[in-house]
Amino acid sequence: MSRSDELPVPQPTPGTRAFGLPGTLAQRWNAFAVAACGAVVLVMGYRHRWTNDDALIYTRAVRQILAGNGPVFNVQERAESSTGTLWQWLLAAGGALPGVSDPLRLAVALGLLLTVAGYLLALDGTRRMLRIHRPAGALLPAGVLVLLPLCATWDYATSGLETGLSFAYLGGAWWLLVRARTLRAASEAPAGRGRPALAPTAFALGLGPLVRPDLALVSSVFLAALWLLWRPPLRTTLGWAGAAAALPCAYEIFRAGYYGVLVPLPALAKEASGTQWQFGWDYLRNTLDPYLLWIPLSLLAGYIGYRAYGVCRARGASAMAGTPAAPDASATAGASATPDTSAALGTSATAGTPTTPDTSAGLGTSATTGTPDTPETSAALGTSATTGAPATSTTSAEPDAPAPPGTSAEPGGAVTTGTPAEPGGAVTPGTSATPGTTGALGTPATFGTAVTPGSPAAPGTVTPGTAAPVGSAIGGGSAVGASLPHGVPVRRWVRWWGGTRDGRAAPRPYTADAVLVGAPVAAGLLSAFFVVKIGGDFMHGRMVLPALFLLLLPIFLLPLGRAATVLAGALAAWAVVCGLLLRPPLESPDDPRIVFDSHTVYQRVLGDTHPVGQSAHTERRLAFSDAARHTLRTGRHALVLRLPHDAGYPVVPLAPHVRAPVAAAEARLGHAGAVLPLDGFVIDTLGLSNPLGAHTEPTSRRKAGHEKPLDRAWVVADVTAPGTRVPGVDPDRVRAARHALTCGPLPELLASAREPLTPGRFWSNLTGAWDRTRFRIPADPVEAERRLC
């Protein structure tokens, strides 16, 4: 539990309740709001449970692992068909449990639970972020309402793919980053525990590439944010880097030596390093337009702009140099301050309030009366230390909320009581303050003698018997270059300005907050940029959801206030309309690239509302499955070949060197893998699990991930004996393909996947992985023969 969660909850007091709700009721409301959001994901995800053909690709690899054949699609060759490495191994671990007979059903259950866990972690992370500076008060769902009513969110809570694990990783990474921010503040307290061990956090953040290769972008951004939050010394930095890179780098070495390439074959088949801007933009609009997502996104942008304007206006008013201090930047008569007590920009230290060492208030919060404060709670824009009692950091005044009776609302949302500020921010006669006390705007003030009002002080210094206007050491202006007050230790000054106890640089509170909020936003923008760059996907919304999730993380919840309430109401109205009426198109026949509602298509094709088991995919009679089963029953050592455009399924003898009872060349890779036994040889005609097909050059742009249809002449040349004639396949192209398979790097490419894995083969695969990954073959066998031979 973070330090902010351990602060005491204020009890209702007569006349002053910032949110109009007792603390305990606010806590119950917040718990209900988070739980309700998770329940929506759980219920709607369950109602939309399903699986598609790509999920069957995962489960065949899982069944091969459980059978002892290794992480392969076919026993005969080492090809990595699973994009999500961790998802594949997680399913394998779950499939090894007693009673689990169908990995596909396990994928549905795990995907749903992980999606819900990701949302709950994300919501709790945002709650903890807000609690850094607002230790109490009600919160409203906001950004999360943009995701909850989307059909794409409900569909990909299951589907059997790695999307649920992706959400769990993103939500968990955000939660860990917020935790690192709260530990940063706690570690700088006088009685803090010092730097905690964050290597496990770095390890978890570094797992992104194993969840999905494109999540390496998110890992990089979050790890950079972790370093900026702490700015550790070189030795610690190297330790974190080692922890983050340990498992991804180890698996990359295994991948290169075992498979002979640096990325999973689907990344090669989809040319994930390519650039197709127009297709990517069309895919993005296919997600945004059907749900009218421009409406909630514009509302959120307007709210952020409104709040940013208010913050900048308040800071600008407080930072004006050479003018009398504003009421929210003053120290009044009779206040006694202990060493290292500070009030930051937009704060007021009012009369009669003894404060504890290193106490300050946070962004948009107020330190009010009634409870002792905790050490080194950070001070930032719009805070106040109020009168009459020791300061506490347990309640805050929302800028949009009216000030209670008998109080004055400060710019930035602070509420002070009792004693008005002296003009000019002067400390009046009779006030004694001890060394190390600081004023607003992050500058030091020297005390120890009475300071009389009205006598101007030189900028950057405070002399006995003088007042300190804004721009001086107590009221404002930069303290860098100003003479340090007598008796203030340099280390204490460095630590307050933004350093650590040993003088190393560390982020100031508002810098750390900017890093924390900026990390998911930057990661989300990079993710969206990547999706658009590569041309998107053929499944509606699937690749855009993680980017939206990241962009909205810092505003999943908002503190209760007038503006936040209006925003949440507008978002809720849109969410109701979206959830009830707005649906994605079944397909996009008029677009240059096919994007379709995969969930609805599979429901209609399979004739099953919830196709969640492997039998739902294999029991449907198709021409291919009938031919494959007939070949198995007759015991023929033969190839079932799907001709282009479903022109037929001829069965031809296999070459003697093919060690499989039956082989099948089919575009529906998952379906073929479910129909054929584990020792059968499935040849993917789209390259997702075929080393030869994955390395061909793209020839079609009609459907993302289906850009490399394999010429059937390559299949016939590879697995049949010379002289074999196949109806519908040009024998001249077969002859050219047979010749090309013996030329240039092609023999080594096939040997890297098909030769027995000896130490020598592993080393050869490892050292040649870079060149092998970059190698491309002309899709036309005649052109390949001409170029390679």
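How do the residues of the lining of the second largest pocket divide into nonpolar, polar and charged? The count is 20 nonpolar, 11 polar and 14 charged. The model behind these values is predicted.

Start with that pocket. The second largest pocket has a volume of about 1,100 Å³. Its lining comprises 45 residues. Nearest the centre of the pocket lie Ala667, Arg668, Leu686, Lys703 and His706. Three helices each supply at least two residues of this lining: H2 (53-66), H19 (598-606) and H22 (669-675). Helix H19 gives the largest share, five residues.

Now turn to the salt bridges. The structure holds 30 of them. One pairs Arg542 with Glu162, and the closest N and O atoms are 3.4 Å apart. Arg542 sits in the loop between helix H16 (509-534) and helix H17 (545-552), while Glu162 sits in the loop between helix H6 (151-155) and helix H7 (163-187), so the bridge ties together parts that are 380 residues apart in sequence. What is the accessibility of the two partners, buried or exposed? Arg542 is buried, at a relative accessible area of 6%. Glu162 is buried too, at 3%. Both values fall under the 20% cut-off for a buried residue.

This pair does not stand alone. Glu162 and Arg542 belong to a network of salt bridges that also links Arg212, Asp214 and Asp537.

A second bridge stays within one helix. Arg255 and Glu252 both lie in helix H11 (residues 234-259). They are three residues apart, about one turn of the helix. Their side chains meet in a salt bridge, 2.9 Å from N to O. The partners differ in exposure. Arg255 counts as buried, at 6% relative accessibility, whereas Glu252 is partly exposed, with a relative accessible area of 25%.

A third bridge joins Arg621 and Asp626. Here the closest N and O atoms are 3.1 Å apart. How accessible is Arg621, buried or exposed? Arg621 counts as exposed, at 67% relative accessibility. This places Arg621 over the 50% cut-off, so the label follows. Asp626 is partly exposed, with a relative accessible area of 28%.

Put the three bridges side by side. In the Arg542 and Glu162 pair, Arg542 is buried and Glu162 is buried. In helix H11, a buried Arg255 meets a partly exposed Glu252. In the last pair, an exposed Arg621 meets a partly exposed Asp626.

Methods:
Residues numbered from 1 in each chain as written. Predicted model: local features only at pLDDT ≥ 70, side-chain atom pairs only at ≥ 80, totals over all residues. Heavy atoms only, no water. Salt bridge = Lys/Arg side-chain N within 4 Å of Asp/Glu carboxyl O. Helix = DSSP H or I, 4+ residues; strand = E, 2+ residues; numbered from the N terminus. Buried < 20%, exposed > 50% of the residue type's maximum accessible area, 1.4 Å probe, protein only. 1 Å grid on protein atoms, 1.4 Å probe; cavity = no way out; pocket = protein on both sides within 12 Å on 5 of 7 lines; lining within 4 Å. Points joined across faces, edges and corners; volume = space filled by probe spheres on them. Nonpolar A, V, L, I, M, F, W, Y, C, P; charged D, E, K, R; others polar.
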